[in-house]
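Colleague: Could you take me through one part of this model up close? I'd like a single spot and whatever surrounds it.

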Amino acid sequence: MRYLTLCLLMLSACAGQAVSDAGADRYSVTATSAHGVVAARERAVRLANKYCGRNSQQAVVESFDDVRLGGVLGDPTSSVVFRCGVPNTTALSR
């Protein structure tokens, strides 16, 4: 029974990281980190880039919404609103 409960908790934690449609070709994802707001932001951006990377694009961040005492266990959370765009490669072409 303990293993089933643990598995369900892990699945619910992963489900909370789903990318949602924010309208007008924008998306949102929220991440939590026990290491502070900056780490939560970094994790949210990684999730956004992973989402956009499926189409060979990268996340273009529009805004962050930070909550210092949020999350499942009181850890800081950060929500990022982003668009998917083509990576900027002009610096590499010089």
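Let's go with the cysteine at 84: what is the relative accessible area of Cys-84?

Modeller: Cys-84 comes out at 25%, so it counts as partly exposed; buried would be under 20% and exposed over 50%, with a 1.4 Å probe and protein chains only. Before going further, remember this is a predicted model, where local features need pLDDT of at least 70, side-chain atom pairs count only at pLDDT 80 or more, and totals for chains, interfaces and linings use all residues. Numbering starts from 1 along each chain as its sequence is written, and side-chain values use heavy atoms, without hydrogens or water.

Cys-84 is bonded to Cys-52 in a disulfide, S to S 2.0 Å (the rule is a pair of cysteine sulfur atoms within 2.5 Å). That rule gives a count of one disulfide. The two cysteines sit 32 residues apart, Cys-52 in helix H2 and Cys-84 in strand S4; helices (H or I, at least four residues) and strands (E, at least two) are DSSP runs numbered from the N terminus. The S-S torsion is about -75°, so this disulfide is left-handed. At the other end of the bond, Cys-52 is buried, at 1%.

Cys-52 also takes you into the largest nonpolar core, which has nine residues, including Leu-47, Ala-59 and Phe-82. A core here is a set of buried Ala, Val, Leu, Ile, Met, Phe, Trp, Tyr and Cys residues joined through side-chain atoms within 4.5 Å. Strand S2 (26-32), H2 (37-53) and S4 (77-85) each give two or more residues to this core, and H2 gives the most, with four. Ala-44 is another member: beyond four places in sequence, its contacts (heavy atoms within 4.5 Å) are Val-29, Ala-31, Ser-78 and Val-80.

Now the strands. S4 runs antiparallel to S2, joined by six bridges (pairing needs at least two DSSP bridges), and Ser-28 stands opposite Val-81. S2 also pairs antiparallel with S1 (20-23), over three bridges, with Ser-20 across from Ser-28. Two residues lie between S1 and S2 in their hairpin, where Ala-24 has a positive phi near 55°.

How far to trust it? pLDDT, the predictor's confidence in each residue from 0 to 100, averages 80 over the chain, and 70% of the residues score at least 70. Residues 2-16 stay under 50, with one contact beyond four places in sequence. Where pLDDT is low, don't read the predicted coordinates in detail.
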